[in-house]
Amino acid sequence: CHNEFVARNAREHNDTNVLTLGSRVVGSEVCKEILKVWLETMFAGGRHKQRVAKIADVEQRFLK
């Protein structure tokens with residue numbers, strides 16, 4: 001993630017459980033703000049739930 005908007009969407013829309021931050025792209029203070037937003041944002045479910053279920057299905061079938 002390179003900003004708070006992307007971090008929020010990653011959690012709300014994709015239910016992410018991993019956050020990556022580029023040290024050459026984002027400053028340390030911005031990283032702290034991104035992390036705060038990412039940790040405080042919950043998965044919205046709803047219309048996004050179907051996409052996340054498709055990803056889980058692919059993982060189940062191919063990551064044995």
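## A tour in selections, from Glu-40

Start by selecting Glu-40: at 54% relative accessibility, this residue counts as exposed. On this tour, exposed means over 50% relative accessible area, buried under 20%, and partly exposed in between, with a 1.4 Å probe and protein chains only as cover.

Before you click on: this is a predicted model, where local features need pLDDT of at least 70 and side-chain atom pairs count only at pLDDT 80 or more, while totals for chains, interfaces and linings use all residues. Residues are numbered from 1 along each chain as its sequence is written, and side-chain values use heavy atoms, with hydrogens and water left out.

**Salt bridges**

Add Lys-36, and you'll see its side chain meet that of Glu-40 in a salt bridge, 3.0 Å from N to O. (A salt bridge here is a side-chain nitrogen of Lys or Arg within 4 Å of a carboxyl oxygen of Asp or Glu.) Both residues sit in helix H2, four residues apart, about one turn of the helix. Helices are DSSP runs of H or I with at least four residues, strands are runs of E with at least two, and both are numbered from the N terminus. Lys-36 is partly exposed, at 43%.

How many salt bridges does a search of the whole structure find? It turns up three. Stay in H2 for Glu-29 and Lys-32, whose closest N and O atoms are 3.1 Å apart; both of these residues are exposed. Then hop to H3 for Arg-61 and Asp-57, which pair at 3.2 Å, N to O. Arg-61 and Asp-57 are about one helical turn apart because they are four residues apart in helix H3.

**The core**

Now select Ala-7, Ala-10, Val-26, Cys-31, Ile-34 and Trp-38: these six make up the largest nonpolar core. Such a core is a set of buried Ala, Val, Leu, Ile, Met, Phe, Trp, Tyr and Cys residues joined through side-chain atoms within 4.5 Å. H1 and H2 each supply at least two of its residues, and the largest share, three residues, comes from H2. Zoom in on Ala-10: beyond its neighbours within four places in sequence, Ala-10 is in contact (heavy atoms within 4.5 Å) with Cys-1, Asp-15, Thr-16 and Trp-38.

**The H2–H3 loop**

Next, pick Thr-41, in the loop between H2 and H3. Is Thr-41 buried or exposed? Thr-41 counts as buried, at 9% relative accessibility. Beyond its neighbours within four places, Thr-41 touches Arg-8, Arg-11 and Glu-12.

Phe-43 is in this loop too, and is partly exposed at 27%. Measure across to Asn-9 in your viewer: Phe-43 and Asn-9 are 34 residues apart in sequence and 9.0 Å apart in space, C-alpha to C-alpha. Contacts of Phe-43 outside four places in sequence include His-13, His-48 and Val-52.

**Last stop: H3**

Finish with Val-58 in helix H3, residues 49-62. Val-58 is partly exposed, with a relative accessible area of 41%. Together with Phe-62 and Leu-63, Val-58 makes a nonpolar surface patch of about 340 Å². Patches take residues with over 30% relative accessible area and no salt bridge, joining like charges within 9 Å and nonpolar side chains (Val, Leu, Ile, Met, Phe, Trp, Tyr) within 5 Å. Accessible areas come from the Shrake-Rupley method with a 1.4 Å probe, and for residues only the protein chains shown count as cover.
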